[in-house]
Structure formats: structure tokens, C-alpha cells
Amino acid sequence: MNGVPDIDSTDARLELMELFLRRTRAEVEQMRRSVPKLIEGDDHAWRDLHSNSERISSMAAGLKLDVLSAHARELCDLAEGRQRREHTDTMFLLDITRAIEVVAIDLSQLFGSRSRR
């Protein structure tokens, strides 16, 4: 009787998922808007991309959204890879943009599946 909700309960999980998806949607939209800054090599934009994708991957894994977690992890790994590169070539930047869009598609599908319930 400590007042902490059971996270495994369906209602609590759905509420957490709703909050997570809304926040993540906003973050992914920001990632999309930051692509020009990523192309320019803006360090702040790259750090934001890395930290947001890492958070999304971890939270999605905790909510058992495995596909979203895996795709966000891929994006996080790509962002980490940027630190090891002296120059970001066109193919690498295309990979980053593609990975952002894959996460956006995952979110869209999750929102779509919620509305069909």
C-alpha cells in the first residue's frame, strides 16, 4: 500500500505509452527539423540527436516496443559513429536521414494502431 501504481497493469502501461509516444513524436519532429543543422555539422544538433535517440530506444524497450527500440538504437549508433568521423559524407548523412524517417514511420504506425482500438 505504498501508493505506487503497478506498471505492469494494463491501464498504467497504456498511460505511460501514451505519454511516451506524445513526447517522442515531438522529439522526432525536432530531429527532422534539425537535419540541415546536422548537415552543417552543428555539434549541439548531433548531441541532441544522440541523447534523444538513446532515450527513445531505452524507453521503447521498457514498454516492449521492440521495433521502435531497435530502430532508435540504430539511429543512436549512427549518431555515435559521427564522433569517430573526421568528415560526414553524403552517404552517412543519407543514412542518418533515413534512420530518422524509419523512427518516424514506427511512431506513425503505433499511433495508427492505437486509433483502431
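Is Arg82 buried or exposed, and at what relative accessibility? I started today's notebook with that one, and I found Arg82 buried, at 17% relative accessibility. The cut-off I used for buried is under 20%, so Arg82 qualifies because its value is 17%. A reminder to myself: this is a predicted model.

**Entry 1: the overall fold**

I looked up the secondary structure before going further into side chains. I counted five helices and zero strands in the protein. Read from the N terminus, the elements go α-α-α-α-α. I then checked burial across the 117 residues, and 37% of them are buried. For the surface, I noted about 7500 Å² exposed, with carbon and sulfur atoms supplying 53% of that area. I also looked at contacts between residues at least 6 apart in sequence, and 68% of these join residues at least 24 apart.

**Entry 2: Arg82 and its partner**

Back to Arg82, then. I found its side chain in a salt bridge with Asp43, at 3.0 Å from N to O. Asp43 sits in helix H3 (residues 43–62) and Arg82 in helix H4 (residues 66–83), so this pair ties together parts that are 39 residues apart in sequence. I checked the cover on the acidic partner too: Asp43 is partly exposed at 43% relative accessibility, whereas Arg82 is buried.

**Entry 3: Arg32 and two glutamates**

How many salt bridges does the structure hold? I got eight, and I followed Arg32 next. Its salt bridge with Glu29 has the closest N and O atoms 2.8 Å apart. Why are these two separated by about one helical turn? I traced that to their spacing: Arg32 and Glu29 are three residues apart in helix H1 (residues 10–33).

I then picked up a salt bridge between the side chains of Arg32 and Glu101, at 2.7 Å from N to O. Here the pair links distant parts of the chain, with Glu101 in helix H5 (residues 90–115) and Arg32 in helix H1, 69 residues apart.

I wrote down the accessibility of each of these residues. Arg32 is partly exposed at 33%, Glu29 is partly exposed at 31%, and Glu101 is partly exposed at 29%.

**Entry 4: one more look at Arg82, and a network**

Before closing the notebook I returned to where I began, with Arg82 at 17% relative accessibility. From there I turned to salt bridges that share partners, and I found Arg23, Glu27 and Arg55 joined into one network.

Note on methods
Residues numbered from 1 in each chain as written. Predicted model: local features only at pLDDT ≥ 70, side-chain atom pairs only at ≥ 80, totals over all residues. Heavy atoms only, no water. Salt bridge = Lys/Arg side-chain N within 4 Å of Asp/Glu carboxyl O. Helix = DSSP H or I, 4+ residues; strand = E, 2+ residues; numbered from the N terminus. Buried < 20%, exposed > 50% of the residue type's maximum accessible area, 1.4 Å probe, protein only. Contact = heavy atoms within 4.5 Å. Areas by Shrake-Rupley, 256 points an atom, 1.4 Å probe, with all protein chains shown as cover.
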